[in-house]
Amino acid sequence: MLFDVKIQRTAGAEDLPLPQQMSEGASGFDLLAAVTEEIQLSPGERKLIPTGIKLEMPAGLEAQVRPRSGLALKHGVTTLNSPGTIDADYRGEIGVILIHCGSDPFTIRRGDRIAQLVFQSVPVVRLVPAATLTVTQRGSGGFGHTGK
């Protein structure tokens with residue numbers, strides 16, 4: 001199924017390429033840092049990084065901001081609030097909350113690929129109040145109740 005998603009650059013981000021899939025089978029569109037000057041992330045530090053884009057998605061679609069595996073493995077840099085949800089009715093600039101879990105300072109430069117945007121369909125759901133729920137073998141067990 002094909003969805004048309006409108007994209008708009010914010011003022012000052014006109015020089016940056018639009019997000020793109022980096023391979024034929026990629027599910028994510030790489031998001032770029034629209035910073036005006038280099039930003040240093042110290043170990044343990046988190047910052048909101050602008051991307052310079054806004055979206056208009058049709059109802060029934062959401063976008064998820066997810067980490068880039070290369071940044072996580074090589075530098076210990078990942079996204080907080082992951083996946084970050086962008087709702088279809090949001091019209092503001094997309095920002096990425098990056099956190100540095102590595103040991104050496106990390107520099108973010110204008111145009112760096114910092115995260116990826118994955119689009120997902122959102123089902124229409126109706127919550128129905130119920131006096132009882134079906135019993136299962138798992139029951140209310142959670143948070144690692146089955147072992148390691």
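**Surface patch, loop β7-β8 and two buried threonines**

Isoleucine 97 sits in strand β9, which covers residues 95-100. In this predicted model, the residue is partly exposed, at 32% relative accessible area. Ile97 also belongs to a nonpolar patch on the surface, where Leu48 and Leu80 join it. Together the three residues of this patch offer about 250 Å² of accessible area.

The loop between β7 (77-79) and β8 (84-86) has a couple of backbone details worth a look. Proline 83 is part of this loop, and the peptide bond that leads into it from serine 82 is cis, with omega near -5°. Asparagine 81 lies in the loop between β7 and β8 as well. Its phi is near 55°, a positive value in a residue that isn't glycine. Asparagine 81 counts as exposed because its relative accessible area, 57%, is over the 50% cut-off.

Next comes threonine 51, found in the loop between β4 (46-50) and β5 (53-56). With a relative accessible area of 5%, threonine 51 is under the 20% limit and so counts as buried. Its side chain reaches the backbone oxygen of isoleucine 94 at 2.6 Å. Leaving aside residues up to four places away in sequence, threonine 51 touches Leu31, Leu32 and Ala34, along with Glu93, Ile94 and Val96. Ile94 thus turns up both as a residue touched by threonine 51 and as the owner of the backbone oxygen that the threonine side chain reaches.

A second threonine, at position 107, is placed in strand β10 (residues 106-108). Threonine 107 has 15% relative accessibility, and it counts as buried because that value is under 20%. Here the partner is a side chain: a polar contact of 2.5 Å links threonine 107 with the side chain of glutamine 40. Gln40 is also among the residues that threonine 107 touches, once those up to four places away in sequence are set aside; the others are Glu38, Ile39 and Asp112.

As for annotation, UniProt, in an unreviewed entry, places the feature "domain: dUTPase-like" at residues 16-147. Over that stretch the chain is 36% strand and 5% helix. The C-alpha atoms at the two ends of residues 16-147 are 47 Å apart.

Technical notes:
Residues numbered from 1 in each chain as written. Predicted model: local features only at pLDDT ≥ 70, side-chain atom pairs only at ≥ 80, totals over all residues. Heavy atoms only, no water. Patch = residues over 30% accessible without salt bridge, like charges linked within 9 Å, V, L, I, M, F, W, Y side chains within 5 Å. Areas by Shrake-Rupley, 256 points an atom, 1.4 Å probe, with all protein chains shown as cover. Salt bridge = Lys/Arg side-chain N within 4 Å of Asp/Glu carboxyl O. Helix = DSSP H or I, 4+ residues; strand = E, 2+ residues; numbered from the N terminus. Buried < 20%, exposed > 50% of the residue type's maximum accessible area, 1.4 Å probe, protein only. Polar contact = N/O pair within 3.5 Å; in protein donor to acceptor, adjacent residues only side chain to side chain. Contact = heavy atoms within 4.5 Å. UniProt positions renumbered as here; feature names shortened; annotations may be inferred.
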